[in-house]
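Q: I'm new to reading protein structures, and I'd like a close look at just one part. Could you pick a pocket and walk me through what's around it?

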Amino acid sequence: MRKALVAGNWKMNGRAKQNGELISSLLSGLEQQALTESVDVMVFPPSVYVSQVKALAEGSPLGVGAQDLCEHADGAFTGELSAGMLSDCGCAAVLVGHSERRAMFGDTEARVAAKVSAALEQGLVPVLCLGETLEERDAGETLKCVEAQFESAVAGLEAGQIEQLVLAYEPVWAIGTGRTATPQQAQEVHAHLRGLLAGKSAEAAATVRILYGGSVNAKNASELFAQPDIDGGLVGGASLKANDFLAICQAAASS
Ligand code: PGA
């Protein structure tokens, strides 16, 4: 039985004051509703705020992760952040291959694979993001697309490393658009990903959590999380509002 995971991707949003208010509301809501007994909850703030959020969440079950990392170890890479640094600042996980990074910041398949390995080497859980564009969906290439992304990201990994991953299926056309995949559309892709995991290791298929992301909100979360292969959500916009994010965590807790 996989424990649900709800992850809040803050993207490039936040200031120290608002972060403090958001985390304080989240912590009290999570505690009052005893949500973390049945759902793991994490936030992914911009990296400059990781230490702030980590300090605020100290002693609570709220996990903290980063939104990206450099594929190289420490050295002459001006402006970059290594997996070792993120781990040192208290990150437990890191998003890898988010579609915004693939589309705007040159995260090729090869770089995504290198980032996954760099994260694993430092004990960070890579949350590997995958998803098709609208053109690919309309061309009937959704499964082929996510399969290619998955296979290239895990090509150099051993079964024991694949078992450490979290996957996040995020159709590009559903991110930040208010347009969500139907539960059936999402389930079809999640089941396919589960099958690909099974091809690597039965343990990975049984234990790796596959999150859905793309305009998840307080209203549509329950229906999505009710699908057998959807183990929680990667939430962007709605993770910036404590009540909405808590409602999504509640939906995951009761799924
Ligand atoms: P969204 O973003 O919930 O705002 O669509 C999800 C994501 O990009 O992770």
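A: Let's start with the pocket, go on to the ligand and a nearby topic, and finish with a second pocket.

Before we dive in: this is a predicted model, so local features need a pLDDT of at least 70 and side-chain atom pairs count only at pLDDT 80 or more, while totals for chains, interfaces and linings use all residues. Residues are numbered from 1 along each chain as its sequence is written, and side-chain values use heavy atoms, with hydrogens and water left out.

The largest pocket holds about 550 Å³ of space. What's a pocket here? Picture a 1 Å grid over the protein atoms alone: a pocket is an open set of points where a 1.4 Å probe fits, with protein on both sides within 12 Å along at least five of seven lines, and a lining residue has an atom within 4 Å of a point. Grid points are joined across faces, edges and corners, and the volume is the space filled by probe spheres set on them.

The largest pocket is lined by 18 residues, and Lys11, Met12, Gln67, Asp68 and Arg101 are the closest to its centre. Sorted by type, the lining has eight nonpolar, five polar and five charged residues. In that sorting, Ala, Val, Leu, Ile, Met, Phe, Trp, Tyr, Cys and Pro are nonpolar, Asp, Glu, Lys and Arg are charged, and the others, Gly among them, are polar.

Lys11 deserves a longer look. You'll find Lys11 in the loop between strand S1 (4-9) and helix H1 (16-32). The helices and strands are DSSP runs numbered from the N terminus: H or I, at least four residues, for a helix, and E, at least two, for a strand. Lys11 isn't a glycine, yet its phi is positive, at about 50°. Lys11 counts as buried because its relative accessibility is 19%; buried means under 20% relative accessible area, exposed means over 50%, and partly exposed is in between (1.4 Å probe, protein chains only).

Lys11 also brings us to the ligand. There are 13 residues around the ligand, and the nearest are Lys11, His98, Glu170, Gly176 and Ser215 ("around" here means having a heavy atom within 4 Å of it). A polar side-chain atom of Lys11 is 2.7 Å from a ligand oxygen, and for a polar side-chain atom of Glu170 the distance to a ligand oxygen is 2.7 Å. Gly236 joins in with its backbone: one of its polar backbone atoms lies 2.8 Å from an oxygen of the ligand.

Back to the lining. Helix H4 (residues 99-104) gives the most to it, with three residues. Arg102 sits in helix H4, and Arg102 counts as buried at 18% relative accessibility. The side chain of Arg102 has a polar contact with the side chain of Glu109, at 3.2 Å. A polar contact is a pair of N or O atoms within 3.5 Å; within protein, one must be able to donate a hydrogen and the other to accept it, and residues adjacent in sequence count only if both atoms are side-chain atoms. The Arg102 side chain also reaches the backbone oxygen of Gly97, at 2.7 Å. If you leave aside neighbours within four places in sequence, Arg102 is in contact (heavy atoms within 4.5 Å) with residues including Asp107, Val112, Leu128 and Gln149.

Now for the second largest pocket, with about 210 Å³ of space. Its lining has 14 residues, and Met1, Arg2, Ala4, Asp231 and Ser255 lie nearest its centre. That lining splits into eight nonpolar, three polar and three charged residues.

Follow Arg2 from there: Arg2 is among the contacts of Asp229, once neighbours within four places are set aside. Asp229 lies in the loop between helix H11 (221-225) and strand S8 (232-235) and is buried, with a relative accessible area of 14%. The side chains of Asp229 and Arg194 share a polar contact of 2.9 Å. The backbone oxygen of Asp229 is 2.9 Å from a polar side-chain atom of His190.

And that last residue? His190 is in helix H9 (residues 183-200) and is buried, with a relative accessible area of 0%. His190 and Ile230 are 40 residues apart along the chain, yet their C-alpha atoms are separated by 6.6 Å.
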